[in-house]
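Subject: A structure for you to look at

Hello,

Here is the structure I promised to pass on to you. Please open it alongside this email, and then read on at your own pace.

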Amino acid sequence: QVQLVESGGGLVQPGGSLRLSCAASGSIFSIFGMGWYRQAPGNSREWVAGFTIDSGIKYSDSVKGRFTISRDNAKNTVYLQMNSLKSEDTAVYYCNANLSVKSGQRGDYWGQGTQVTVSS
């Protein structure tokens, strides 16, 4: 079994910052990529930022220059530093990992989501 546990969400004023964390644990053999998605009320889930071993780090245009994704390979953890937050960044943020487990199977795994609310 694999678990992705997110933390770091909360309420912040416009222009403020938050840092999200996502730790992957379980029978992990190899991680091919990790990233963040978000879903605002009434909207579909959208990709925000991520890295893959093939393509490196990428960001959506809506967060480029404001958000920074980083990782700690030793801890199987990915972070999302969010600066200059706007009201339109309000959403539930989900962590995603594409990885293989020790049995050899490869697949996508999701965290439970963490709420980010940007409001004055």
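Below is what I found, going from the whole chain down to single residues.

**The chain as a whole**

Please keep in mind that this is a predicted model. The protein chain has eleven strands and zero helices. Going along the sequence, you will meet one β element after another, in the pattern β-β-β-β-β-β-β-β-β-β-β.

How does the radius of gyration fit the chain length? A compact globule of 120 residues would be expected near 14 Å, and the protein chain agrees because its own value is 14 Å. Along the principal axes, the C-alpha atoms fill a box of roughly 50 × 25 × 25 Å.

As for the inside and the outside, 42% of the 120 residues count as buried. The accessible surface is about 6,500 Å², and carbon and sulfur atoms contribute 46% of that. Among contacts with a separation of 6 or more, 55% are between residues 24 or more positions apart. The side chains include 11 positive and 8 negative ones, and the centres of these two sets are 4 Å apart.

**The disulfide**

The structure holds one disulfide. Which residues form it? They are cysteine 22 and cysteine 95, with their sulfur atoms 2.0 Å apart. The link connects distant parts of the chain: cysteine 22 is in strand E3 (residues 18-26) and cysteine 95 is in strand E9 (residues 91-101), 73 residues apart. The angle about the S-S bond is -80 degrees, and the link is left-handed. Both cysteine 22 and cysteine 95 are buried.

**Two buried residues worth a visit**

A good next stop is methionine 34, in strand E4 (residues 28-39). Is methionine 34 buried or exposed? Its relative accessibility is 4%, so methionine 34 counts as buried. Leaving out residues up to four places away in sequence, methionine 34 touches both disulfide partners, Cys22 and Cys95. Its other contacts include Ala24, Phe51, Ile69, Asn76 and Val78. Methionine 34 also lies 8.5 Å from leucine 99, C-alpha to C-alpha, although the two are 65 residues apart in sequence.

From there you can step to isoleucine 69, which is in strand E7. Isoleucine 69 is buried because its relative accessible area is 4%, and the cut-off for buried is under 20%. Apart from neighbours within four places in sequence, the residues in contact with isoleucine 69 include Met34, Trp36, Ala49, Ile57, Tyr59 and Leu80. Between isoleucine 69 and glycine 35 there are 8.1 Å in space, C-alpha to C-alpha, and 34 residues in sequence.

**Two residues with a positive phi**

Finally, have a look at two loop residues. Asparagine 76 is not a glycine, yet has a positive phi of about 50 degrees. Asparagine 76 sits in the loop between strand E7 (67-72) and strand E8 (77-82), and is one of the residues that methionine 34 touches. With a relative accessibility of 25%, asparagine 76 counts as partly exposed.

Serine 84 also has a positive phi of about 50 degrees without being a glycine. Where is serine 84 found? Its place is the loop between E8 and E9. Serine 84 has a relative accessibility of 41%, so this residue counts as partly exposed.

Enjoy exploring, and do write back with any questions.

Best wishes

Note on methods
Residues numbered from 1 in each chain as written. Predicted model: local features only at pLDDT ≥ 70, side-chain atom pairs only at ≥ 80, totals over all residues. Heavy atoms only, no water. Helix = DSSP H or I, 4+ residues; strand = E, 2+ residues; numbered from the N terminus. Rg over C-alpha atoms; globule rule 2.2 N^0.38 Å. Buried < 20%, exposed > 50% of the residue type's maximum accessible area, 1.4 Å probe, protein only. Contact = heavy atoms within 4.5 Å. Areas by Shrake-Rupley, 256 points an atom, 1.4 Å probe, with all protein chains shown as cover. Lys, Arg positive; Asp, Glu negative; His and termini not counted. Charge placed at Lys NZ, Arg CZ, Asp CG, Glu CD. Disulfide = S-S within 2.5 Å.
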